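Q: I would like to take a close look at a single part of this protein and follow it step by step. Please keep the explanation suitable for someone in a first year of study.

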Amino acid sequence: MTSHIQNVERDPFLTGANYAEAGKASYHSTTGRAGNKMPKHLESVSALVFVPWLCFVGMLVAFALPPPGWFWSLVAVSVWLLCLAFAAMNYAVYAGGKGPTYTLFLSLLVLLSCVAAPLAGQKVVETSMSGYWMHKTGVAYKNVVPTRPADAYQDANIIGFSAMSRLDLRQVLGYRPQGSGNTFCVAPVMDARAPSKEVNFWAAGMDCCEPTRSFLCGEATKASARTGIVVPANSSSAALERWEHFRKAA
């Protein structure tokens, strides 16, 4: 034990200090460096995870959820430009040598969210929100006689038919596009008092009928059913495609 301590004391790197003090100094120095690095590491990881995610969610909400109109479009573009400017600012800080390495990755992730969020928002608008806002802002009509021209109700979102209206379940039609697994079903809405060969209104649904029978869409089998929601044709490209399939079925 004595020999070991003497050899350590002869070490030129420990000259002027005893063995116990050198061990303590080394221990405290290592602990201090690790303690300084840990907060910075947590800061960078938090920034890389949460900042791009918040940018993506903010832009997605701005592009997808508000009602149609120039004001909300301007708000969405403003949010997008703000996130884009944030990405450019972080890249400029990194390129100027004034920021840590993670600012480069942060700028790239925010830039990626600037590309993905508008695309995802447009998809949400086409598949869901366009129909929602059409039904929210459209007009509800009551006591509509099926023999009246359908063009008179182009602004309708809900149509309630007269008490003598009936579905002609003997003329059910189903159409399945080539390569599609969905069947687009229609049945004519007729006036029981004045049967006509001309059909102005159709009840419609998906995957609820056979090619020429068994129209089971919604509450069609109930004799008291009189009201339906209009299938939009011009609210989005997806809505137009769906409407065209129903038209072909009819």
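Q: In which sense do strand β2 and β7 pair, and over how many bridges? Please also describe the sheet around these strands and the aromatic rings that go with them.

A: The model is a predicted one, and the strands you ask about, β2 with residues 156-161 and β7, pair in the antiparallel sense over three bridges. One place to look for this pairing is Ile159, whose bridge partner in β7 is Gly228.

Moving out to the sheet, you will find that three strands form it, in the order β1-β2-β7, and that it is an open sheet with mixed pairing. Its edge strands are β1, covering 139-144, and β7, covering 227-229, and each of these pairs on one side only. If direction is ignored, neighbouring strands of this sheet are turned against each other by 15° on average. Helix α4, made of residues 102-137, packs on the sheet and touches β1, β2 and β7, while the direction of this helix makes about 60° with that of β2.

Next come the aromatic rings. A pair of aromatic rings is described by the distance of the centres and the angle of the planes. The count for this model comes to eight aromatic pairs, and one of them is formed by Tyr132 and Trp133, which meet edge-to-face at 5.0 Å centre to centre with 75° between the planes. Tyr132 has a relative accessible area of 40%, so this residue is partly exposed, whereas Trp133, at 18% relative accessibility, counts as buried because the cut-off for that word is under 20%.

Another edge-to-face pair is that of Phe161 and Phe201, with 5.3 Å centre to centre and 75° between the planes. Phe161 lies in strand β2, and Phe201 lies in the loop between β5 (184-191) and β6 (202-206), so the pair ties together parts that are 40 residues apart in sequence. Both Phe161 and Phe201 are buried, and ring pairs link these two residues with Tyr141 and Tyr153 into a cluster.

Finally, to place this part within the whole, the protein chain has five helices and seven strands, and along the sequence these follow the pattern α-α-α-α-β-β-β-β-β-β-β-α. Of the 250 residues of the protein chain, 26% count as buried. Among the contacts in the protein chain with a separation of 6 or more, 54% are accounted for by residues 24 or more positions apart.

Note on methods:
Residues are numbered from 1 along each chain as its sequence is written. This is a predicted model: local features need pLDDT of at least 70, side-chain atom pairs count only at pLDDT 80 or more; totals for chains, interfaces and linings use all residues. Side-chain values use heavy atoms; hydrogens and water are left out. Two strands pair if DSSP finds at least two bridges between them. Helices (H or I, at least four residues) and strands (E, at least two) are DSSP runs, numbered from the N terminus. Axes are lines fitted to C-alpha atoms, for helices over the stretch in contact, and angles run from 0 to 180 degrees between N-to-C directions. Contact means heavy atoms within 4.5 Å. Rings of Phe, Tyr and Trp (its six-membered ring) pair if their centres lie within 6.5 Å; planes under 30 degrees apart count as stacked, over 60 as edge-to-face and the rest as tilted. Buried means under 20% relative accessible area, exposed over 50%, partly exposed in between (1.4 Å probe, protein chains only).
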